[in-house]
Amino acid sequence: MKILDKIRIGSVDYDIKQTDNNVVVDGRTCYGAIRYSDHVIELDGKLCDRQRMELTLLHEMFHGILHERAIQVENEEELVEGLARGMHQILRDNSEMFSD
């Protein structure tokens with residue numbers, strides 16, 4: 001999976017930034033975060049190997065989809081993590097699916 005510098009979710013362009021700084025959300029250190037206010041997905045490059053970075057990006061993208069579509073769900077974190085892990089496996093197991 002190629003990690004781009006920018007991705008569009010709905011009608012919003014999000015910059016994808018890899019950082020060596022801690023990514024902190026609600027006082028917790030995380031692998032990544034999505035910031036809706038300035039349209040940034042931040043990934044912690046020192047905590048993440050390649051596979052973890054891919055999974056984290058998918059995780060944050062699913063948060064973005066829910067946000068941009070104004071979908072509110074209970075247990076969002078659990079839902080997003082399950083979807084991200086499932087999609088990551090599909091993409092890894094079927095990479096030829098997206099190539100010409």
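This report walks through some strands, a pocket and a few surface spots in a predicted model.

## The first hairpin

Let's start near the beginning of the chain. Strand S1 covers residues 6–9 and strand S2 covers residues 12–19; the two run antiparallel and are joined by four bridges. Together S1 and S2 make a hairpin, with two residues between them. Gly10 sits in that turn and has a positive phi of about 65°.

If you'd like to trace the pairing by eye, pick out Ile7, whose bridge partner in S2 is Tyr14. Then look at Ile9, which stands opposite Val12 in S2. Both Ile7 and Ile9 belong to the covered face of S1. Flip to the uncovered face of S1 and you'll meet Lys6 and Arg8.

## S2 has another partner

S2 also pairs with strand S6, residues 40–44. Here the strands run parallel, and five bridges hold the pairing. One spot to check is Ile16 of S2, whose bridge partner in S6 is Ile41.

## The largest pocket

Now for the largest pocket, which holds about 350 Å³ of space. Its lining is made up of 17 residues. Want to find the middle? Look for Arg28, Gly32, His59, Glu60 and Glu77, the lining residues that lie nearest the centre of the pocket.

Several elements chip in. Strand S4 (28–30), strand S5 (32–35), helix H1 (50–68) and helix H2 each give at least two residues to the lining. H1 supplies the largest share, with six residues.

## A nonpolar patch outside

On the surface, Ile71, Val73, Leu79 and Leu83 make a nonpolar patch of about 290 Å². Leu83 is part of helix H2, which spans residues 76–93.

How open is Leu83? Its relative accessible area is 40%, so it counts as partly exposed; that label covers values from 20% up to 50%.

## Past the last helix

Follow the chain beyond H2 and you'll come to Glu96, in the segment after that helix. Is Glu96 buried or exposed? With a relative accessible area of 53%, Glu96 is exposed, because that word is used here for anything over 50%.

Glu96 can also be set against Val12, the residue we met opposite Ile9. Glu96 and Val12 are 84 residues apart in sequence, and in space their C-alpha atoms are 28 Å apart.

Technical notes: Residues numbered from 1 in each chain as written. Predicted model: local features only at pLDDT ≥ 70, side-chain atom pairs only at ≥ 80, totals over all residues. Heavy atoms only, no water. Patch = residues over 30% accessible without salt bridge, like charges linked within 9 Å, V, L, I, M, F, W, Y side chains within 5 Å. Areas by Shrake-Rupley, 256 points an atom, 1.4 Å probe, with all protein chains shown as cover. Salt bridge = Lys/Arg side-chain N within 4 Å of Asp/Glu carboxyl O. Buried < 20%, exposed > 50% of the residue type's maximum accessible area, 1.4 Å probe, protein only. Pairing = 2+ DSSP bridges. 1 Å grid on protein atoms, 1.4 Å probe; cavity = no way out; pocket = protein on both sides within 12 Å on 5 of 7 lines; lining within 4 Å. Points joined across faces, edges and corners; volume = space filled by probe spheres on them.
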